[in-house]
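Student: Could we go through the charged side-chain pairs in this structure, and could you explain the reasoning behind each label?

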Protein chains: 2
Amino acid sequence: MTRLFNDPTAFADEALEGFAAAHRRWVRSVTGGVVRAGGTPDGEVAVVVGGGSGHYPAFSGLVGRGLAHGAAVGNVFASPSAQQIRSVARAAHGGAGVLLMYGNYAGDVLHFGQAAERLAGEGVEVRTLAVTDDISSAGPGQPAERRGIAGDLPVFKAAAAAAEEGLPLDEVLRTAEHANARTRSFGIAFSGCTLPGAGHPLFTVPEGRMAVGLGIHGEPGIGEEPLPTADEAARLLVSTLLKELPDDVPTPEGARTAVILNGLGSVKYEELFVVYRTVAALLADAGVEIVEPEVGELVTSFDMAGVSLTLTWLDDRLERLWRAPADAPAHRKGALEAPAAASGPREEEADDTAAVPPASEESREAAATVLTALRALAGTVDEHVEELGRIDAVAGDGDHGIGMQRGSTAAHRAAAEALALGAGAGTVLTRAADAWADRAGGTSGALWGTILRALGTALGDQDAPTASRVADGVTEASAGVRRLGGAETGDKTMVDALVPFADTLADAVAAGEPLTGAWDRAATAAGSAAAATAELLPRKGRARPHAEKSLGTPDAGAHSLALITRAVHGVLHHDH
Amino acid sequence: MTRLFNDPTAFADEALEGFAAAHRRWVRSVTGGVVRAGGTPDGEVAVVVGGGSGHYPAFSGLVGRGLAHGAAVGNVFASPSAQQIRSVARAAHGGAGVLLMYGNYAGDVLHFGQAAERLAGEGVEVRTLAVTDDISSAGPGQPAERRGIAGDLPVFKAAAAAAEEGLPLDEVLRTAEHANARTRSFGIAFSGCTLPGAGHPLFTVPEGRMAVGLGIHGEPGIGEEPLPTADEAARLLVSTLLKELPDDVPTPEGARTAVILNGLGSVKYEELFVVYRTVAALLADAGVEIVEPEVGELVTSFDMAGVSLTLTWLDDRLERLWRAPADAPAHRKGALEAPAAASGPREEEADDTAAVPPASEESREAAATVLTALRALAGTVDEHVEELGRIDAVAGDGDHGIGMQRGSTAAHRAAAEALALGAGAGTVLTRAADAWADRAGGTSGALWGTILRALGTALGDQDAPTASRVADGVTEASAGVRRLGGAETGDKTMVDALVPFADTLADAVAAGEPLTGAWDRAATAAGSAAAATAELLPRKGRARPHAEKSLGTPDAGAHSLALITRAVHGVLHHDH
């Protein structure tokens with residue numbers, strides 16, 4: 001929802017003021033909107049765009065060289081008035097006429113039409129073009145009834161680039177019409193936006209569902225379907241658009257297209273990239289060549305959750321215009337001055353070799369037990385992944401469970417591969433350690449990598465894995481974790497459980513207890529210590545990075561260590 | 001929440017693939033992340049940044065000329081592993097050493113530290129720098145305990161621009177350290193993000209409250225306060241940062257600073273601009289000169305709702321580095337090649353003159369009644385603004401109430417001004433008409449402007465406003481609205497109520513009924529017609545722009561017309 005505003009009725013004006021203040025290099029304010037800071041070159045047709053507020057970067061963010069010469073900016077989701085449009089057009093006029101461009105909504109059609117009449121009456125040569133890219137808003141037989149959504153950008157840009165080439169007004173208009181006829185969009189939505197000062201969103205979509213055929217003013221779509229995966233969403237968008245090619249593009253095979261994957265507001269970049277990955281693959285499968293794609297927020301609807309795909313089917317001329325340089329606050333392309341000389345790509349790192357060092361029979365047998373323990377470990381983490389995330393979310397970022405799951409799964413897989421290659425216990429553990437650290441990332445990945453590596457080093461690939469070797473490995477692991485993380489017991493981290501575990505194990509083994517019993521005792525000590533850290537949680541949200549994020553965040557790391565030592569005990573107990 | 005994903009555990013990898021596919025001009029994929037497409041110039045220090053996924057444009061979006069040479073990209077909110085970082089660093093190495101840069105989180109500190117050790121062991125000259133700009137995460141005496149948030153960008157950029165100047169590794173490091181010491185951030189949050197596949201957000205903030213001192217991994221902040229207005233938010237951010245200047249910046253007066261107002265994900269551009277408007281004013285009040293501000297999403301946390309302010313206090317050298325050209329997918333600055341010649345600013349439109357045409361005594365008296373009617377009209381709209389919005393939201397964008405409120409308030413104000421200047425009824429109505437159309441924007445603004453203007457033309461400034469003049473004006477208004485909007489009765493628009501109103505009024509007046517009684521009868525007819533349109537609502541979401549958006553969207557426009565005619569009747573009844 002929209003939360004940051006003062007007087008809601010002043011929102012659009014204040015937003016425009018702030019926008020202009022932040023972008024003085026590009027724009028200057030005039031009554032009704034903004035024009036290019038440097039003005040329109042003499043004798044160049046001025047492209048003046050516009051529409052309501054709430055769609056940034058449409059429309060003010062598209063003013064600048066190679067794009068619009070001015071933007072008339074209305075109130076929230078409301079067309080600018082004819083008076084505003086006229087004022088911006090007069091300020092942008094470079095003596096060669098004005099092309100007014102806007103999305104095809106009745107309010108805009110009315111006001112831009114009235115402005116055009118007034119301008120013409122004042123002797124300004126003027127033409128208008130309404131963008132009609134949204135194929136969900138009317139059938140293929142009624143293109144003039146269609147709304148304009150993210151297709152605004154390529155159509156505006158084609159016209160502006162044609163103007164920059166010095167074409168006369170009617171040629172610029174024809175270029176815009178041609179680009180509009182070649183541009184199609186289709187979108188889906190998951191939730192509506194809430195306007196400044198409003199108590200609830202303009203529409204809602206039931207949990208787990210999506211609206212198909214979105215509008216950009218809270219129009220809720222023409223149908224409803226189950227929430228798709230990212231790949232399914234990509235397939236729906238691409239297949240819908242490939243069903244309706246422009247008349248003069250008989251087949252996608254061999255065609256070129258500009259692609260815009262547009263986020264409506266709160267679908268975020270990473271999600272857009274996941275969808276784009278499949279959009280690109282599907283278009284390639286259809287034989288379409290993608291030209292300079294744009295993935296991001298180009299025409300929004302406040303914080304609406306939705307995504308739309310726009311294709312502009314290019315010919316040589318439209319491709320040149322799409323590739324032409326542009327320098328607006330929200331859309332820049334083309335080479336910067338004085339590019340630095342750069343050398344070619346460098347070689348990449350080769351993977352570690354798959355071969356394992358030779359190992360004794362004894363160590364290979366022990367390696368099988370290690371694999372069983374790692375499987376139990378990964379199983380325990382799987383079982384408790386949500387619980388670990390929940391604990392971690394109290395003071396951390398809630399990813400402890402997921403990170404542990406990724407790491408332990410990768411460790412188990414790497415161990416199984418190493419074992420299959422004939423590795424001993426030491427190598428199995430070291431390979432597992434590297435895989436855990438590499439796949440889990442995060443703090444817990446580094447620390448569990450250290451723990452497994454210490455154990456692997458202590459066991460080696462030749463000797464029998466005696467209780468005292470195991471205890472030595474655990475002691476070294478405990479020391480390594482403290483060294484790496486810079487934490488000690490009492491800092492409310494994994495160390496709080498690891499140190500009593502290691503110390504109890506070492507003491508019991510030194511006292512002659514067999515490994516299974518000693519491990520049992522040590523796991524119990526770790527469990528008690530982990531439970532105790534829950535009592536000591538720091539004040540919620542206290543944000544010292546090293547105490548908080550280091551060592552798996554308080555409590556969650558200790559808790560998972562206790563769970564794991566207990567699970568491994570089950571394996572040892574069964575094995576002996 | 002994050003909705004578009006496939007397998008949540010594959011999310012970060014798939015996002016990186018999609019990112020690289022969309023940005024081939026800038027980057028190429030290597031094991032562990034991305035490097036510049038063109039590689040690192042020979043003999044240039046390579047700046048390799050990195051961190052978890054979920055923060056786009058950090059970190060992959062910051063790779064390109066003038067910015068990073070490579071980015072190591074970890075899993076969601078998890079540090080990249082040492083192995084990933086090493087791989088990216090080796091691919092980015094241009095023979096002059098590598099500076100590894102990252103936010104100060106323990107996971108990143110561990111993995112980047114391990115990577116540095118390995119690289120050094122392989123003969124690569126390497127340094128590390130953790131960014132520590134977040135002043136909410138530790139006190140001024142513990143700068144090394146602070147987290148890195150949106151200050152990443154100016155610190156990375158300073159180092160990269162220094163590298164591009166050809167400085168050796170230790171000088172690049174010193175530059176980065178200096179920029180980091182001069183960079184401070186502070187943020188507020190309104191809601192947490194939901195990770196891919198998770199069932200609930202990492203944290204929540206109670207409705208109407210905000211968390212103060214946000215983190216970018218769902219850390220919920222260090223305190224909680226009531227939700228601020230945009231201006232209050234700006235004051236909190238600016239005053240907090242002005243309280244802690246760098247040691248070598250004794251006073252803000254006369255100082256220069258780079259400014260980043262960063263959106264965390266679902267605080268949208270327009271909101272950021274409203275806040276920036278006041279941030280800029282407050283900094284100017286304090287005597288601070290703002291240099292090339294950035295307002296947008298630079299370091300995010302999925303769809304978290306929050307905003308942070310970053311100030312980098314510049315000296316001549318840091319200012320030059322901040323202004324240096326950059327060309328990364330998510331951050332571009334500097335001049336494009338071959339800028340077009342542009343003429344200077346043009347003259348702006350003068351306001352309409354305030355003087356009013358001469359009017360008869362009779363017409364000035366009638367004008368006072370018109371003003372009373374416009375006050376009643378605005379009052380009725382005020383009372384029903386939410387109801388009108390609700391009705392409009394069924395098939396439209398829900399802004400009918402707000403637009404009507406803006407328009408009628410502006411119309412009343414303009415009418416009062418005109419009356420004070422001695423205007424007659426005709427001019428009072430025409431001024432009100434222009435103000436309504438200009439301030440309301442949208443469809444209803446254009447239509448109500450037409451209605452008031454038609455009435456004003458019929459009444460004029462000389463003659464007494466007889467019942468038949470009023471009826472003629474309403475008839476002309478009805479015809480004008482149909483002409484302008486292209487709708488007829490039965491299209492489920494305002495016309496459905498306006499036509500029976502006009503026809504009933506004309507018939508009653510022609511039959512000799514006095515204005516009050518005739519208006520009463522006409523208002524009743526409009527009310528019945530408006531009620532009937534509710535029965536005829538089109539299928540929800542059917543999106544033909546002209547039928548839906550034109551004429552105030554079905555029902556809401558008819559409803560407000562009925563309300564207004566009834567309110568005006570009250571004025572006429574009282575007046576006669």
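**Salt bridges and their surroundings**

Tutor: Let us begin with Asp327(A) and Arg332(A), whose side chains meet in a salt bridge, with N to O at 2.6 Å. Please keep in mind that this is a predicted model.

Student: What makes the contact between Asp327(A) and Arg332(A) a salt bridge?

Tutor: The rule asks for a side-chain nitrogen of Lys or Arg within 4 Å of a carboxyl oxygen of Asp or Glu. Here an Arg and an Asp meet at 2.6 Å, N to O, so the pair satisfies that rule. Both Asp327(A) and Arg332(A) are buried.

Student: Which residue forms a salt bridge with Arg566(A)?

Tutor: The partner is Asp520(A), and the closest N and O atoms are 2.9 Å apart. This pair links distant parts of chain A, with Arg566(A) in helix α17 and Asp520(A) in helix α15, 46 residues apart.

Student: Why is Arg566(A) called partly exposed?

Tutor: Its relative accessibility is 35%, and partly exposed covers what lies between under 20% and over 50%, so the label applies. Asp520(A), with a relative accessible area of 31%, is partly exposed for that reason too.

Student: How do you know that Glu244(B) and Arg184(B) form a salt bridge?

Tutor: Their closest N and O atoms are 3.0 Å apart, and the cut-off is within 4 Å, so the pair counts. Glu244(B) lies in the loop between α6 and β10 of chain B and Arg184(B) in strand β7, so the pair ties together parts that are 60 residues apart in sequence. Both Glu244(B) and Arg184(B) are buried.

Student: How many salt bridges does the rule give over all chains?

Tutor: The count comes to 62 over all chains.

Notes. Residues numbered from 1 in each chain as written. Chains lettered and ligands numbered in written order. Predicted model: local features only at pLDDT ≥ 70, side-chain atom pairs only at ≥ 80, totals over all residues. Heavy atoms only, no water. Buried < 20%, exposed > 50% of the residue type's maximum accessible area, 1.4 Å probe, protein only. Helix = DSSP H or I, 4+ residues; strand = E, 2+ residues; numbered from the N terminus.
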